[in-house]
Each structure stands twice: as structure tokens, then as C-alpha cells.
Amino acid sequence: MKKLLTSVIYLMVLLISHATYSQAQSGDIELGFGIGPSFASVSDFDGQANAGTLTSFNIAASGEYYFSDRWGIKMKLIYDNKGWSDGFIEDETGFFDTDYKLGYLTIPVMANWHFSKNRNWYLNFGGYAGFLLSAKDTTLDTDLKESFSSTDFGLTAGIGYGFRLNDQMRLFLEYEEQFGFSDIFEFNPGDAISNRRSSFNLGLLYQLK
């Protein structure tokens, strides 16, 4: 899975570089910061959801390198809350309903296509790697980090709109989806379970000249 993700990202970069080489500009860089609600769950690889949706939040910093006025490569650094609701946990006294909260540091690498007359709209797609920071249930507050894999890999896609504030700054509104394809559990004798997460983010973009 790791080799597949690396190959997809490498091929994506080569294709965009080739497609935009003839119209590449000076190489502007745009930095960003955003925050918003996220909606996470898990499912097996057949897409069957077996858990409830956990509502939480994510915080992201981003950087984009422009190859032209239409194409760029964008990388994010996200504090990502994932997991699921309506689960259960057992201790010596019995079973309890609980939610599972998994905190990740997620790093997506994406192609970003800017479209519309003024390039205010953008569409991005690529892959991500996530690194587990914490794993707990909400009822017993049990530390479950050792039960989960330390890494999470998958694909991501999003669409957004930037509202121009001045020559260098934009306010953006963005919708993003993540589709995991690695098993989130460290030892899982059954069907592999992967993360699913969507979010709405609001933030600022600042273009370096």
C-alpha cells in the first residue's frame, strides 16, 4: 500500500509538470490556514459502513507551489480527528456504549486545479499519509493507541472557493473527503477496516510574491 501511494503521487507530479511546463510562471507560493468541522466513520474495503459518524474538528496549515495560473502542487499539515460513534467497549464490569476518537497528524500531497474566469474555484486530488497521535474511547477514557496501526494511508479530494480580499490574501471555503485504504487496527483477524472522513473548512490564503 505504501509503495502504491508513493507511485500515485510521483506519477501525478510528473503529469502535472509535463502538462504545465510550457505555461509555467515564476513559481508563486501560497500559504494557508483553516479550521472546520469534520465527520468521521470507518468501513470495510467493500464500502460497507458498520459504525456511526463521529462529529469533531480539524485544523490545517497548507502550502501551494504554482506551476501556472491553473495548476499547483499543494501540501497540508492537518491535526485530524477521526474515529467513529455508537461503538462499545468492555471492562471487568460489563459492556458500555462509547465513541472512539483517533487523533492523527495527516499530510496530504495533492494536485490543485484552479478554474473559472478569475481562478476563484479550485479542485484538488491526491494521496495522504496519517500518523496516529492518540486513540481513546469516550466512556472509560481508555488509552487504546497500542491497538491501532501507527500509520494511515489513503486518497483525498476536495473542492473550494477563494474570496479575494486584496492582491495577496483570500478567504476560502472548502469541502474535503478522505478515503483510507489501510487497516486502522494493528492486529485484525477479520475484514480490514479503514478510515473515512469529510470536512468543511474556512480559512485564509496568503500569496507570497
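**Notes on a predicted eight-stranded chain**

1. Let me start in the loop between S4 and S5, where Arg 119 is found. Helices (H or I, at least four residues) and strands (E, at least two) are DSSP runs here, numbered from the N terminus. Arg 119 has a positive phi, near 60°, and is a residue other than glycine. At 22% relative accessibility Arg 119 counts as partly exposed; the scheme is buried under 20% relative accessible area, exposed over 50%, and partly exposed in between, with a 1.4 Å probe and protein chains only. Ser 116 is in the loop between strand S4 (94–115) and S5 too, with a positive phi near 85°. Ser 116 counts as partly exposed, at 28% relative accessibility.

2. Some ground rules before going on. This is a predicted model, where local features need pLDDT of at least 70 and side-chain atom pairs count only at pLDDT 80 or more, while totals for chains, interfaces and linings use all residues. Residues are numbered from 1 along each chain as its sequence is written, and side-chain values use heavy atoms, with hydrogens and water left out.

3. Now the overall layout. The chain has one helix and eight strands, and from the N terminus on the order is α-β-β-β-β-β-β-β-β. Of the 209 residues in the chain, 44% are buried. The accessible surface comes to about 11200 Å², with 62% of that belonging to carbon and sulfur atoms; these areas come from the Shrake-Rupley method with a 1.4 Å probe, and for residues only the protein chains shown count as cover. Take the contacts (heavy atoms within 4.5 Å) between residues at least 6 apart in sequence: 66% of them join residues at least 24 apart.

4. On to strand pairing, which requires that DSSP finds at least two bridges between two strands. Strand S5 (residues 121–137) and strand S6 (residues 151–164) run antiparallel and are joined by 11 bridges, with Ala 129 opposite Phe 153 in S6. S6 then pairs with S7, also in the antiparallel sense, over 11 bridges. There Gly 160 stands opposite Glu 174 in S7, and the two strands form a hairpin with four residues between them.

5. Follow the sheet along and S7 pairs with S8, antiparallel, over 11 bridges. S8 is also paired with strand S1 (residues 29–44), again in the antiparallel sense, over 14 bridges. In that S1 pairing, Gly 34 has Gly 203 as its bridge partner in S8.

6. Gln 178 is a good residue to click on. It sits in strand S7 and is buried, with a relative accessible area of 1%. Its bridge partner in S8 is Arg 197. The side chain of Gln 178 makes a polar contact of 3.1 Å with that of Asp 80. (A polar contact is a pair of N or O atoms within 3.5 Å; within protein, one must be able to donate a hydrogen and the other to accept it, and residues adjacent in sequence count only if both atoms are side-chain atoms.) Leaving aside neighbours within four places in sequence, Gln 178 is in contact with several other residues, including Ile 78, Lys 82, Tyr 128 and Leu 155.

7. What about the aromatics? A search of the whole structure turns up 13 aromatic pairs. Rings of Phe, Tyr and Trp (its six-membered ring) pair if their centres lie within 6.5 Å; planes under 30 degrees apart count as stacked, over 60 as edge-to-face and the rest as tilted. Trp 84 and Phe 185 form an edge-to-face pair, 6.3 Å centre to centre with 65° between the planes. Trp 84 lies in strand S3 (residues 71–91) and Phe 185 in the loop between S7 and S8, so the pair ties together parts that are 101 residues apart in sequence. Trp 84 is buried at 11% relative accessibility, whereas Phe 185 is partly exposed at 26%. Elsewhere, ring pairs link Trp 71, Trp 113, Phe 115, Trp 121, Tyr 161 and Phe 163 into a cluster.

8. One charge over a ring is worth a look: Lys 82 lies over the face of Tyr 104, at 5.2 Å from the ring centre. The criterion is NZ of Lys or CZ of Arg within 6 Å of the ring centre and within 35 degrees of the ring normal.

9. Last, Gly 190, in the loop between strand S7 (169–180) and strand S8 (193–208). Gly 190 is partly exposed, with a relative accessible area of 46%. Its C-alpha is 9.9 Å from that of Asp 44, though the two are 146 residues apart in sequence.
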